[in-house]
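Visitor: Hi, could you walk me through a part of this structure?
Guide: Gladly, here it is.

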Amino acid sequence: MKLATLKTGGRDGMLVLVSRDLSRCCPAPAIAMTLQQALDHWDSAKPALEGVAAELEAGVAEGIMPFDEAACHSPLPRAYQWADGSAYVNHVELVRRARGAEMPPSFWTDPLMYQGGSDAFLGPRDPILMADEGWGIDLEGEVAVITGDVPMGATPEIARSCIRLIMLVNDVSLRGLIPAELAKGFGFFQSKPSSAFSPVAVTPDELGSAWDGAKLHLPLVSHVNGKPFGRPDAGADMTFDFPTLVAHAAKTRPLGAGAIIGSGTVSNKDPDGGPGRPVEEGGLGYSCLAEIRTIETIREGKPRTPFLRFGDRVRIEMFDAAGGSIFGAIDQEVRKYEGV
């Protein structure tokens, strides 16, 4: 089952079912007006929504209309919780190296996680508005899950059963602001502006064998200004899987239905154990600019790839075995914020 939220019906949008090929959609107002409402009543809403999804595929559902990714909010335009992990320790090691920071051994055994702003997500086609290019604007391609209610102290096994939906993320980062914030010893805030999520969120069964209950084993494909930038496998080199991340977030607090837990930037090592090569050199590339800049610094003594500038465009997507887009595309242009 594929679900999306259209930019209509108020700030939380209108929930729609989406066909598997992303060509058509239909609302189900008698079941749930919003995705959050469906998540709050998942045990009863899910089977009812599955019935509408089957009717949509058969072409007999009420209110069928063309599906337009540009008309979408993020599946949850705002959420009660957005916590982002760093499951790909290869990425953590590289970005810390870029700013001259050692990586403690505990990073391989205890997940990193930060609590992000969740009151104003960007739509998947909304521009990335920033006041200053000098802030070091970067994309971060990730996978995320949406949970149901998760009890405090949940084990990874319990957490696995609480995963309701899966989607993609562009967790925009401002690399130029990160070092000063972290030096205060209190974590990210200004350096992590609004994130954008894929047009569509899908139930785990929709992914078939690519979803093993803990990891999504497919390449995460990203482009910068139309040029291939990365295609790392989201299931490879993932030190902490999603049940582990959800359990980590719930160690000292319950998570409410609709909590979003991110994987962190998808990052692969080369088969020889190296940090990964650019796509143009036959490698799998990267999911953020900070990584390629670190590789360039290691090789050449300084980075040569710039961070994003006004007018640049990023695209993040994932495809099934037949080449079909699973979640739709996050496709955003960086624009100058002119104030209110």
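What follows is a chat about a pocket, a helix and a sheet.

Guide: This is a predicted model, in which local features need pLDDT of at least 70 and side-chain atom pairs count only at pLDDT 80 or more, while totals for chains, interfaces and linings use all residues. Residues are numbered from 1 along each chain as its sequence is written, and side-chain values use heavy atoms, with hydrogens and water left out.

Visitor: Which residues are closest to the centre of the second largest pocket?
Guide: They are Val224, Lys227, Phe229, Leu289 and Thr305, out of 21 lining residues, where a pocket is an open set of points on a 1 Å grid over the protein atoms alone where a 1.4 Å probe fits, with protein on both sides within 12 Å along at least five of seven lines, and lining residues have an atom within 4 Å of a point.

Visitor: And which elements give two or more residues to that lining?
Guide: Strand S15 (227–230) and helix H7 (289–300) do, helices (H or I, at least four residues) and strands (E, at least two) being DSSP runs numbered from the N terminus.

Visitor: Which residues of H7 are buried?
Guide: Leu289, Ala290, Glu291, Ile292, Thr294, Ile295 and Glu296 are buried, meaning under 20% relative accessible area with a 1.4 Å probe and protein chains only. After H7 comes Gly301, with a positive phi near 95°.

Visitor: Switching to the sheet, what is the strand order?
Guide: The open sheet of five strands runs S7-S18-S17-S14-S15, with mixed pairing, and two strands pair if DSSP finds at least two bridges between them. Strands S7 (128–130) and S15 each have a single partner strand, so one side of each lacks a neighbour in the sheet.

Visitor: How do S14 and S15 pair?
Guide: S14 (residues 221–224) and S15 are antiparallel over three bridges, and Ser222 has Gly230 in S15 as its bridge partner.

Methods: Buried < 20%, exposed > 50% of the residue type's maximum accessible area, 1.4 Å probe, protein only.
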